[in-house]
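Reader: I have a structure to look at and have not seen it before. Can you walk me through it?

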4 protein chains.
Amino acid sequence: MARIGIVNVTGYSGAELARLLSRHPEVELVSVTGRSQAGRKLGEVFPHLRRIDMTITPELDGAVDVVFSALPHAASAEIVGPLYRDGVRCIDISADFRLKSLSEYESWYQVKHPCPDLIGEAVYGLPELHREEIANTRLVANPGCFPTGAILGLAPAVKEGLIEPNVVVDSKTGVSGAGRTAKMEFGFSELNDTTSAYGLGGHRHTPEMTQELSTVAADGAVTVTFVPHLVPMTRGILTTCYGVLRSRVSEVQVAELYSDYYEREPFVSIVSSSPTTKQTWGSNDLLICPTVNDRTGMLVVVTALDNLVKGAAGAGVQNMNVMLGLPETMGLEHPAVYP
Amino acid sequence: MARIGIVNVTGYSGAELARLLSRHPEVELVSVTGRSQAGRKLGEVFPHLRRIDMTITPELDGAVDVVFSALPHAASAEIVGPLYRDGVRCIDISADFRLKSLSEYESWYQVKHPCPDLIGEAVYGLPELHREEIANTRLVANPGCFPTGAILGLAPAVKEGLIEPNVVVDSKTGVSGAGRTAKMEFGFSELNDTTSAYGLGGHRHTPEMTQELSTVAADGAVTVTFVPHLVPMTRGILTTCYGVLRSRVSEVQVAELYSDYYEREPFVSIVSSSPTTKQTWGSNDLLICPTVNDRTGMLVVVTALDNLVKGAAGAGVQNMNVMLGLPETMGLEHPAVYP
Amino acid sequence: MARIGIVNVTGYSGAELARLLSRHPEVELVSVTGRSQAGRKLGEVFPHLRRIDMTITPELDGAVDVVFSALPHAASAEIVGPLYRDGVRCIDISADFRLKSLSEYESWYQVKHPCPDLIGEAVYGLPELHREEIANTRLVANPGCFPTGAILGLAPAVKEGLIEPNVVVDSKTGVSGAGRTAKMEFGFSELNDTTSAYGLGGHRHTPEMTQELSTVAADGAVTVTFVPHLVPMTRGILTTCYGVLRSRVSEVQVAELYSDYYEREPFVSIVSSSPTTKQTWGSNDLLICPTVNDRTGMLVVVTALDNLVKGAAGAGVQNMNVMLGLPETMGLEHPAVYP
Amino acid sequence: MARIGIVNVTGYSGAELARLLSRHPEVELVSVTGRSQAGRKLGEVFPHLRRIDMTITPELDGAVDVVFSALPHAASAEIVGPLYRDGVRCIDISADFRLKSLSEYESWYQVKHPCPDLIGEAVYGLPELHREEIANTRLVANPGCFPTGAILGLAPAVKEGLIEPNVVVDSKTGVSGAGRTAKMEFGFSELNDTTSAYGLGGHRHTPEMTQELSTVAADGAVTVTFVPHLVPMTRGILTTCYGVLRSRVSEVQVAELYSDYYEREPFVSIVSSSPTTKQTWGSNDLLICPTVNDRTGMLVVVTALDNLVKGAAGAGVQNMNVMLGLPETMGLEHPAVYP
């Protein structure tokens with residue numbers, strides 16, 4: 001049994017990690033940390049976790065084999081750096097090790113990177129693209145919630161060179177992506193029954209998309225115009241990707257391409273009509289629906305996932321399974337809760 | 001006082017027309033029709049309209065000066081045709097007279113047009129584009145709920161030739177756009193807390209967008225890839241439009257262009273950050289936020305409106321005011337209900 | 001035209017007052033105050049109010065005939081006291097002048113009353129119970145959002161002595177009642193798709209219910225067990241009142257009693273099946289459905305209102321109309337926005 | 001491995017049974033039936049169940065050891081009767097075998113009972129009250145979604161004789177309780193952002209509450225005034241129970257009484273502040289918060305559960321575990337999905 005620690009369990013990603021890991025048969029959750037709630041039982045802060053009999057501590061308590069850091073960026077690398085150097089396997093839920101380019105990181109996040117030397121060690125934690133490297137590293141950068149649906153929704157087409165390298169990614173996210181915070185603008189009365197765009201000047205998840213899609217691309221750099229939208233639901237991200245087709249291709253051909261590409265992926269399903277995010281509620285599934293608009297020569301791919309599972313904690317557990325040589329779906333087999 | 005009739009008052013657009021017209025100082029609602037609910041008081045079917053003391057009749061009851069038809073397409077033209085020929089001013093909420101091309105209409109709607117001879121008489125009911133023609137016709141085709149936000153969101157840029165003529169329109173709509181119907185897939189449990197795309201094979205509002213934007217364009221035809229999405233809110237459409245900029249332009253320049261273009265429009269406001277649909281709840285406002293993504297050279301315009309008001313009934317009342325020579329904002333001055 | 005000021009316009013009640021007063025034909029909004037937002041335009045803080053061209057000031061700016069105070073309790077009385085003494089008509093949206101008993105006030109609100117001498121001047125602002133006194137005072141205590149539905153839902157039965165004087169009041173409220181605040185527990189992710197009770201130890205609106213129902217009662221004191229519940233909607237309060245019938249009475253008799261009691265009330269409607277809160281969205285309506293459970297001998301009365309209108313700002317405007325001798329419905333005639 | 005069949009898998013209870021049983025380690029789902037969807041794969045009707053590779057058949061297909069019937073009342077007994085006589089263990093999700101009195105059943109459900117002779121064989125499926133009898137029967141009547149929270153919320157107080165035998169039960173339910181049906185009144189636009197009461201003339205779950213609480217009572221019959229309310233959430237029932245205390249008792253004493261009563265119950269938790277239904281989302285938990293209103297001498301108990309799990313399918317699996325001699329929590333150990 002691997003001993004697991006969660007740093008900053010008191011956010012939504014942290015709590016979701018605790019939920020998933022508490023049911024995982026081959027690991028043992030041994031330490032959960034949190035600053036403001038230190039000293040309280042986990043079940044007092046999160047009543048749905050009352051059966052996990054643990055007390056939140058200010059720092060990691062005891063030796064761990066794997067640590068998940070759910071701290072904000074910068075703060076996360078400060079904790080992860082020393083742990084990594086001590087030989088601990090680290091899965092960083094924050095953005096700190098996702099970008100290969102230090103200058104890109106420092107420009108988008110407006111902060112000095114606490115451990116630039118470790119960027120080269122880190123693997124971008126999408127097993128669907130980097131499974132082998134994840135198995136061989138001790139430092140995984142868990143993807144942002146938006147990039148997973150965008151990157152995997154476009155990867156087959158980009159790899160095949162089907163579309164022009166200037167794509168549009170329009171995402172609709174539930175509010176839990178904003179985290180567990182006290183802000184008037186995330187209040188129920190402000191967000192219920194309304195939809196808006198944000199990050200119009202450029203959202204920080206954009207460079208992850210660009211980096212990963214450019215790596216996948218047959219012929220160089222991909223440019224991504226990414227606009228996220230806030231919709232009145234708790235969980236879920238629906239992403240609609242648009243790419244100009246370079247030549248005529250049928251929807252059937254595209255569906256085959258996608259099905260072949262993801263044939264062995266346990267969590268990716270190619271579906272023939274638009275998924276709805278609720279079909280992934282609480283599960284690690286990623287649903288992809290590739291379509292072709294014949295009138296306009298546009299590839300339109302719609303993807304759906306649960307931002308707190310495949311978009312955060314579930315992806316983290318999947319990465320952990322790969323790192324530990326466990327079956328990749330272990331602890332993640334439960335279906336979505338619907339409706 | 002103009003005498004007004006509403007055909008098919010029992011859908012959401014019909015009820016919204018009744019709500020707005022009941023407070024209009026220069027018109028009198030004299031007849032409301034509905035098949036399945038004929039014989040019942042309007043306030044029995046819609047308790048919020050209990051102060052409008054009218055009985056729903058199967059057919060128009062008495063002479064009217066203006067008729068709003070909120071029937072489904074094809075059924076609408078069948079009623080509107082004879083009324084128009086009798087000299088009545090007609091505002092058709094359905095799609096029957098929106099498309100100038102009969103073959104486009106019959107191809108998209110898969111039905112034979114009941115009065116093809118009247119297509120040439122009809123004016124597309126966007127006062128922001130066709131105010132004078134609306135003032136001089138007796139047959140107005142009220143726009144679809146999606147096209148208003150898309151067309152007016154792109155018109156200034158398209159007119160100026162700022163962008164390539166191949167645009168992407170990604171809309172997020174509340175559920176009331178689906179109408180007042182008994183379908184399992186529109187049930188609360190199915191749609192709450194979830195988002196999906198639909199009409200991926202081509203939505204019927206696309207040719208309206210194409211037709212109107214191509215008319216506006218300095219240099220010919222515009223192609224529109226339009227994907228609507230269903231989000232869990234009752235009212236509201238947020239539309240995000242993407243167009244590739246032909247040359248470098250600043251966001252400030254674009255904002256000026258838009259402000260100038262809509263300077264005298266009473267219902268259009270140019271805003272500097274993304275609107276949220278709730279800011280238009282129950283009002284006839286259209287909010288437009290034009291932005292420039294400098295990294296990717298993309299114009300991104302976000303628009304918001306209430307699909308039942310500026311996207312349907314309110315636009316109808318606005319058109320009626322123009323047709324009758326009344327102040328255009330009459331009966332539509334109330335602010336949105338927020339939050 | 002009476003000159004109106006709103007103190008603390010930046011909460012939901014304040015903004016709703018501005019929305020309603022901006023359309024009132026016989027008053028002029030001349031000053032709106034707010035601490036944290038002072039110096040900003042009203043339309044910057046509340047985009048739906050952009051057409052009200054006013055700047056928020058830290059203090060009242062210029063002479064006013066009527067002031068609405070939407071400050072929290074205690075802070076409100078501190079402002080209202082001097083204004084009242086200066087001859088201004090005051091409508092206090094806070095709880096400061098609702099309770100006739102100083103000790104009850106200080107016990108429930110755990111604060112020393114800033115102007116105990118004015119308690120005797122104040123009239124409890126339910127025109128349905130105290131119309132004449134409201135017309136003759138310069139200090140109105142606007143009722144809490146919950147009491148209006150509970151008191152008016154039970155008043156006819158209590159007056160007639162139909163029920164035992166120990167009643168249960170179970171209310172379900174939308175979240176806007178909690179105000180416009182930055183608290184994690186009022187975040188969308190925490191409150192969406194969930195229902196809970198609160199105030200189980202005793203909610204501050206209880207003594208208002210007790211006071212007013214005891215005044216109405218034929219035979220003395222009424223005891224109220226009141227439990228409010230938070231449900232995932234923005235606006236609306238549904239209140240279900242339970243009282244043990246003293247003797248057998250038919251539902252028809254009760255309906256007649258209620259209809260007679262409220263016969264001349266412009267905003268109260270007796271309905272024959274359960275109202276749904278949305279039927280009052282944005283309007284000043286109060287819907288009451290009295291029923292009898294024959295099996296258990298229980299009177300069950302269900303009431304619905306919009307907590308920000310009839311439960312706060314609309315009631316305030318109604319009180320203002322009574323105080324100024326204007327038609328009571330002026331500025332409040334618009335129907336609810338449905339759906 | 002016990003072989004399991006689900007009759008009428010295509011409703012929400014049926015689908016939830018399939019979700020839970022698919023992860024149960026000691027049973028095998030061998031047959032799922034449905035009329036209108038016969039011939040389709042389960043994953044086509046419910047995409048979240050795509051990993052259960054089964055085809056829906058019109059009738060049970062092959063031998064089963066346990067059958068769950070999720071048919072409507074009357075139709076259910078017609079299927080269950082013959083299966084029971086063939087030796088199959090039956091868990092009836094419908095109301096057919098819940099009431100011990102045939103006349104009560106026929107009066108509340110307005111239908112002739114298809115197998116009145118089996119009523120005496122059936123055990124009311126609340127393991128918390130009838131564990132031993134459930135272990136020894138082959139016919140379990142699964143409780144209605146409302147009674148579980150009401151009965152278990154009041155049982156300790158009723159048994160102890162703490163309260164008068166005339167109680168009020170006020171429930172707030174999510175919409176999934178209404179089933180997976182095509183009705184306009186359950187449409188998203190009708191139910192979003194609104195709350196209403198229903199069943200004011202008497203809801204069919206009332207006699208279950210009366211029957212079971214009267215059995216528990218120290219001193220005879222209990223009378224229940226039950227009013228359900230529809231709130232805008234998908235899952236969850238919050239029930240607030242009111243009973244007049246016969247003598248003064250402290251909240252601490254009541255909490256102890258409740259804690260003792262449910263000490264060994266794996267799914268019941270006594271909590272010290274109001275639960276919120278989301279704390280049970282997708283889980284079999286029942287949360288109970290007993291409180292005392294000292295001012296009015298009222299016991300107020302708030303309970304929360306997921307209507308599709310502890311209120312339907314989860315209770316069914318719990319009953320199955322008891323019937324088969326398996327650990328009672330098997331297949332039901334996962335925590336709620338929060339937020």
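**Contacts of chain D and its sheet**

Author: This is a predicted model. Across the interface of chain D and chain A there are 6 salt bridges.

Reader: Which side chains meet in a salt bridge there, for instance?

Author: One of the salt bridges is formed by the side chains of D285(D) and R51(A), at 2.7 Å, N to O. Helix α1 (residues 12–21) of chain D gives the largest share of the side of chain D that touches chain A, with 3 residues.

Reader: What classes of residue are on the side of chain D that touches chain A?

Author: That side of chain D has 13 nonpolar, 9 polar and 10 charged residues.

Reader: And how many residues does the contact take from each chain?

Author: The contact takes 32 residues from chain D and 32 residues from chain A. Between them, chain D and chain A bury about 2,700 Å², 52% of it on carbon and sulfur atoms. Polar contact, with both residues at pLDDT 80 or more, is found for 10 residue pairs between chain D and chain A.

Reader: Now chain C. How many of its residues are in contact with chain D?

Author: In chain C, 47 residues are in contact with 47 residues of chain D. About 3,600 Å² is buried between chain C and chain D, and carbon and sulfur atoms give 55% of this area. On the chain C side, D193(C), T195(C) and L200(C) lose the most area to chain D, together 16% of what that side buries.

Reader: How many salt bridges between chain C and chain D?

Author: There are 2 salt bridges between chain C and chain D. The side chains of D170(D) and K172(C) meet in one, at 3.0 Å, N to O. By class, the side of chain C that touches chain D has 21 nonpolar, 19 polar and 7 charged residues.

Reader: Different topic. In what order do the strands of the open sheet in chain D come?

Author: The 6 strands of this open sheet in chain D are ordered β2-β1-β3-β4-β6-β5, with parallel pairing. β2 (27–32) and β5 (123–124) of chain D stand at the edges with a single partner strand each, so one side of each has no neighbour in the sheet.

Reader: What joins β1 to β3 in chain D?

Author: Strand β1 (residues 2–7) and strand β3 (residues 66–69) of chain D run parallel and are joined by 4 bridges. I4(D) has V66(D) in β3(D) as its bridge partner.

Reader: Which helix lies across β1 and β2 of chain D?

Author: Helix α10 (residues 309–324) of chain D lies across β1, β2, β3, β4 (89–92) and β6 (139–141) of chain D. Helix α10 of chain D runs at about 155° to β4(D).

Terms used
Residues numbered from 1 in each chain as written. Chains lettered and ligands numbered in written order. Predicted model: local features only at pLDDT ≥ 70, side-chain atom pairs only at ≥ 80, totals over all residues. Heavy atoms only, no water. Contact = heavy atoms within 4.5 Å. Buried area = accessible area lost by both parts, 1.4 Å probe. Salt bridge = Lys/Arg side-chain N within 4 Å of Asp/Glu carboxyl O. Polar contact = N/O pair within 3.5 Å; in protein donor to acceptor, adjacent residues only side chain to side chain. Helix = DSSP H or I, 4+ residues; strand = E, 2+ residues; numbered from the N terminus. Nonpolar A, V, L, I, M, F, W, Y, C, P; charged D, E, K, R; others polar. Pairing = 2+ DSSP bridges. Axes fitted to C-alpha atoms, helices over the stretch in contact; angles between N-to-C directions.
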